[in-house]
Amino acid sequence: MGHTITEKILGKACGKEVIPGEIVNVRIDKLMTMDFFASIVGKLYDQLEAPALFDPDMVVVFCDHMGPGHSLKDAELLKQTREFVKKYNLKNFYDLGRNGICHQMMVENGYVKPGKVVVGTDSHSPTYGAMGAFACGVTSSEAAVIMATGEIWFRVPSSVKVELKGKLQPGCCGKDVSLKIMSLIGFDKTALYKAIEITGEGIASLEIADRLTITNMMAETGAKSAIIHADEKTIRYLQDIGADDGDYECYESDSDATYDDEYVINLDELEPTVAIPHSSDLIKKAEELEGTPIHHVFVGSCTNGRLEDIKDAADILRGHKIADDVRMIVVPASQHIYLEALKKGYIQDLIEAGALVESSSCASCAALHTGILPSGEIAISTTNRNFKGRMGSKDASIYLASAATAAAAARCGYITDPRKFMN
């Protein structure tokens, strides 16, 4: 019987063949933590009374959830994060001004490579699977153990296969793919603690940004991880960021590998898609929601704050104004993306259209700061969650969509198909 890509990576990391359901100790290549949990991880590590960190270079720390510090509580958390970094002499630290959203930064700074095992103290850590790595979230206590030992135990997950056929069409992107997958698998239903493997010929038409969006959104299914096999685009991306050191291995699943469930999506038939309140697996085509009024537009987050997303929004709004009574907030996922968007003129386009562009952070995604929703308002957002209270008031409503669909809504004042504004 063949093995899935997930089983192969975990087998390599524990030094033997593995099967689903087996509990194994796995060597960790990179551990990510951020301001929200870093100080907790440090306190738990102290309780272990370990003689020394297993490998300080394995740990990567970010300031992202708290932004610059919008309250005294936030400022204290940021202070504790800096103290944690200094106490353990952690060199891989990205403070304000050199930061970005942790998941974007992990990838664009070359910390994630094919065949590796990468974990983080955030539920959207499966994002890294877009690079052909096994990636998942861990608790603060598990992170402390990893800091001390360099490994942690996993129950090897069984896999769910999602085959993409055809080619992504103009006007559609990874967000539309991810929402379609969500509608098939469901929110916290059939994929709990499983590995979702995205495969098929359609992968070739997906850029790295699209792939990162898809694996990011798979966290909403309750899956342990999500993964896309590394290909030429993956290697080219590593080369472009200067991270192609050869220290990686590209795996693919065997043809006779076993899956719990299998789904097929034809990308040729995919259209701009929107998740309606209050669950990410409830979807409709953008054209079906034509005329739905909105108050707030948010383009950003670890799901869709990349350069490609900002370009899509700028292309739709260039030379036009955001509709009256609508506000739009744009937050690049990293400082690097912010600079690139500045150089290419996208930021100017957005500001001239009436958008507010903020510094790189998680912003309003989890209602921590920068654009929290008041009661009764309707938002269209490029984030990954739209349950009640996610971005502020429980009486607010959130629609999830691509940056293009969000920008089209900002331009019109209501949800519409973005393709009408595309060449």
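## The largest pocket

Let's start with a hole: the largest pocket in this predicted model has a volume of about 520 Å³. Here a pocket is an open set of points on a 1 Å grid over the protein atoms alone, where a 1.4 Å probe fits, with protein on both sides within 12 Å along at least five of seven lines. Its volume is the space filled by probe spheres set on those points, which are joined across faces, edges and corners. Of the 17 residues that line this largest pocket, the closest to its centre are Ile208, Tyr237, Ile241, Leu307 and Glu308; a lining residue has an atom within 4 Å of a point.

Which elements give two or more residues to this lining? They are α4 (102–108), α7 (208–217), α8 (232–240), α10 (307–317) and α11 (335–343). Helices (H or I, at least four residues) and strands (E, at least two) are DSSP runs, numbered from the N terminus. The most comes from α8, with 4 residues. Sorted by class, the lining has 7 nonpolar, 2 polar and 8 charged residues. Nonpolar covers Ala, Val, Leu, Ile, Met, Phe, Trp, Tyr, Cys and Pro, charged covers Asp, Glu, Lys and Arg, and the others, Gly among them, are polar.

## The second largest pocket

Next comes a pocket of about 300 Å³, the second largest. It is also lined by 17 residues, and those closest to its centre are Leu168, Cys172, Cys173, Glu207 and Asp210. Two or more lining residues come from each of α7 and α10, and α10 gives the most, with 4. The class split for this lining is 5 nonpolar, 5 polar and 7 charged.

## A four-stranded sheet

Now for the strands. In general, strands of a sheet pair through backbone hydrogen bonds, either parallel or antiparallel. One open sheet here has 4 strands in the order β10-β9-β8-β11, with parallel pairing; two strands count as paired if DSSP finds at least two bridges between them. At the edges are β10 (225–228) and β11 (261–266), each pairing on one side only. Neighbouring strands are turned by 20 degrees against each other on average, direction ignored.

Strand β8 (residues 159–165) shares 6 bridges with β11, and Lys165 stands opposite Asn266 in β11. Helix α1 (residues 5–14) lies across β8, β9 (195–199) and β10, at about 105 degrees to β10. Angles like these run from 0 to 180 degrees between N-to-C directions, using axes fitted to C-alpha atoms (for helices, over the stretch in contact). Contact means heavy atoms within 4.5 Å.

## Around β5 and α5

Which way do the residues of β5 (residues 117–120) point? Val117 and Val119 point one way, Val118 and Gly120 the other, and all are buried. Buried means under 20% relative accessible area, exposed over 50%, and partly exposed in between, with a 1.4 Å probe and protein chains only. Strand β2 (residues 30–34) runs parallel to β5 and joins it by 3 bridges, with Leu31 partnering Val119. Strand β6 (residues 134–137) also pairs with β5 in the parallel sense, over 4 bridges, and Gly120 has Gly137 as its partner there.

Helix α5 (residues 140–149) has these buried residues: Ser140, Ala143, Ala144, Ile146, Met147 and Ala148. They pack against β2, α2 (38–48), β3 (59–62), α3 (72–87), β5 and β7 (151–155). Just after α5, Gly150 takes a positive phi of about 80 degrees.

## How to read the numbers

Residues are numbered from 1 along each chain as its sequence is written, and side-chain values use heavy atoms, leaving out hydrogens and water. Since the model is predicted, local features need pLDDT of at least 70 and side-chain atom pairs count only at pLDDT 80 or more, while totals for chains, interfaces and linings use all residues.
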